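Me: Please take a close look at one part of this model with me, starting from a single pair of charged side chains, and then work outwards to whatever surrounds that part. I am in my first year, so careful explanations are welcome.

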Amino acid sequence: MQIILAVDILKGKVVKAFAGLRINYKPLFIGNKDFSDAICLINEVKKKIFLKKVYIADLDSIGKIGTNNKYIERILKCFPDITFLIDAGFDYPISVHNFHKRKEDAKLSNYEIVLGTETLRNFQLPSLNQSKKFQLSIDFNGEQNIWIKKIIKQKIYCSLILMFLDRVGGRGLNLDLIKRLTSLFCNNTISVAGGINTDGQISQLSRIGVKSVLSSSLIHKKISRDEL
């Protein structure tokens, strides 16, 4: 089981996510220490665990209110040994093309894009099988069943993130649902995000076939207790 650090960035700051209510997200403090700088946070985690991947949600781009592109590029340059999963509100194929072009111009390659169903618009899913360096996030926001049916019907075999937005902030897991979904997507590599708050839950997810988890709350909790 791989644990991927999840980092939410809003207006150039790492914020504490809770239940998908982005309007209430505040700069991240762990205990009394300010961890709203992503580079500081990642360095702190790297001191104590082997960190292979980090998920970054650019909340400004997802919400179509701005972008944290320059900041994210600085983060990628600081950690060339880490692969970053970048969720930046990709909607149309041109947004993906432009993102890759910008990273190519900056000579950055240590990333994969995350295509979130919350923002995807004019995408032909079968064409995704020809793409590289991406994961598909099924965002549980009320429209997830439409996407689940599409992915199964069109036989999209890619890495999937089950993103339980309303459970973000360590609000617990629906293990029965996750178990059903891992059976449905038996040909896909499955990650789970949202709701994880104990090591025991990670063990349970591993037993039902989940390959990785995206976590912020659990890691923050362990940093505050110096348990990493």
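Reply: Lys-101 and Asp-105 both belong to helix α4, and because they are four residues apart there, about one helical turn separates them. An α-helix has 3.6 residues a turn, so residues three or four places apart point the same way. In this model, which is predicted, the two side chains form a salt bridge whose closest N and O atoms are 3.0 Å apart. Lys-101 is partly exposed, since its relative accessible area is 40%, a value that lies between the 20% and 50% limits.

Another salt bridge starts from the same helix but reaches beyond it: the side chains of Arg-102 and Glu-73 meet with 2.5 Å from N to O. This pair links distant parts of the chain, for Arg-102 sits in helix α4 (residues 93-105) and Glu-73 in helix α3, 29 residues apart. The partners differ in how far they are covered, because Arg-102 counts as partly exposed at 33% relative accessibility, whereas Glu-73, at 9%, counts as buried.

The structure holds six salt bridges, and one of them joins the side chains of Asp-81 and Lys-46, with 3.1 Å from N to O. Asp-81 lies in the loop between α3 (69-78) and β7, while Lys-46 lies in helix α1, so this pair ties together parts that are 35 residues apart in sequence. Asp-81 is exposed, because its relative accessible area is 53% and the limit for that class is over 50%. Lys-46 counts as partly exposed, with 31% relative accessibility.

From these charged pairs we can turn to the nonpolar interior. In soluble globular proteins, nonpolar side chains tend to be buried together. Here the largest nonpolar core has 58 residues, and Ile-75 and Phe-84 are those with the most contacts inside it. Helix α1 (residues 38-46) supplies the largest share of this core, namely five residues. Leaving aside residues up to four places away in sequence, Ile-75 touches Ile-9, Ala-38, Ile-39, Ile-42, Ile-56 and Phe-84. There is also a second, separate core of 18 residues, and among its members are Ile-4, Ala-6, Ala-57 and Leu-59.

Ile-56 and Ala-57 bring us to strand β6 (residues 53-58), which is mostly covered, with six of its six residues buried. Lys-53, Tyr-55 and Ala-57 point one way from this strand, while Val-54, Ile-56 and Asp-58 point the other way, and all are buried. Strand β6 pairs in the parallel sense with strand β1 (residues 2-10), over five bridges, and Ile-9 stands opposite Asp-58 in that pairing. Strand β6 also pairs in the parallel sense, over five bridges, with strand β7 (residues 83-87), where the bridge partner of Ile-56 is Ile-86.

A further helix shows how burial can be arranged around an axis. In helix α6 (residues 144-153), the residues Gln-144, Trp-147, Ile-148 and Ile-151 are buried. Seen down the axis of α6, these buried residues fall within an arc of 105°, so they line one face of the helix. On the other side of α6, Ile-146, Lys-149 and Lys-153 are exposed. Just after this helix comes Lys-155, which takes a positive phi of about 55°.

A buried histidine is also worth finding on the structure. His-220 has its place in helix α9 (residues 217-224), and it is buried, because its relative accessible area is 8%. When residues up to four places away in sequence are not counted, His-220 touches Lys-16, Leu-28, Ile-30 and Leu-41.

The last topic is cysteine. A disulfide is a covalent bond between the sulfur atoms of two cysteines. This structure holds zero disulfides. Cys-78 is partly exposed, with a relative accessible area of 41%, whereas Cys-158 is buried, with 10%.

Key:
Residues are numbered from 1 along each chain as its sequence is written. This is a predicted model: local features need pLDDT of at least 70, side-chain atom pairs count only at pLDDT 80 or more; totals for chains, interfaces and linings use all residues. Side-chain values use heavy atoms; hydrogens and water are left out. A nonpolar core is a set of buried Ala, Val, Leu, Ile, Met, Phe, Trp, Tyr and Cys residues joined through side-chain atoms within 4.5 Å. Buried means under 20% relative accessible area, exposed over 50%, partly exposed in between (1.4 Å probe, protein chains only). Helices (H or I, at least four residues) and strands (E, at least two) are DSSP runs, numbered from the N terminus. Contact means heavy atoms within 4.5 Å. A disulfide is a pair of cysteine sulfur atoms within 2.5 Å. The arc is that of the directions from the helix axis to the C-beta atoms. Two strands pair if DSSP finds at least two bridges between them. A salt bridge is a side-chain nitrogen of Lys or Arg within 4 Å of a carboxyl oxygen of Asp or Glu.
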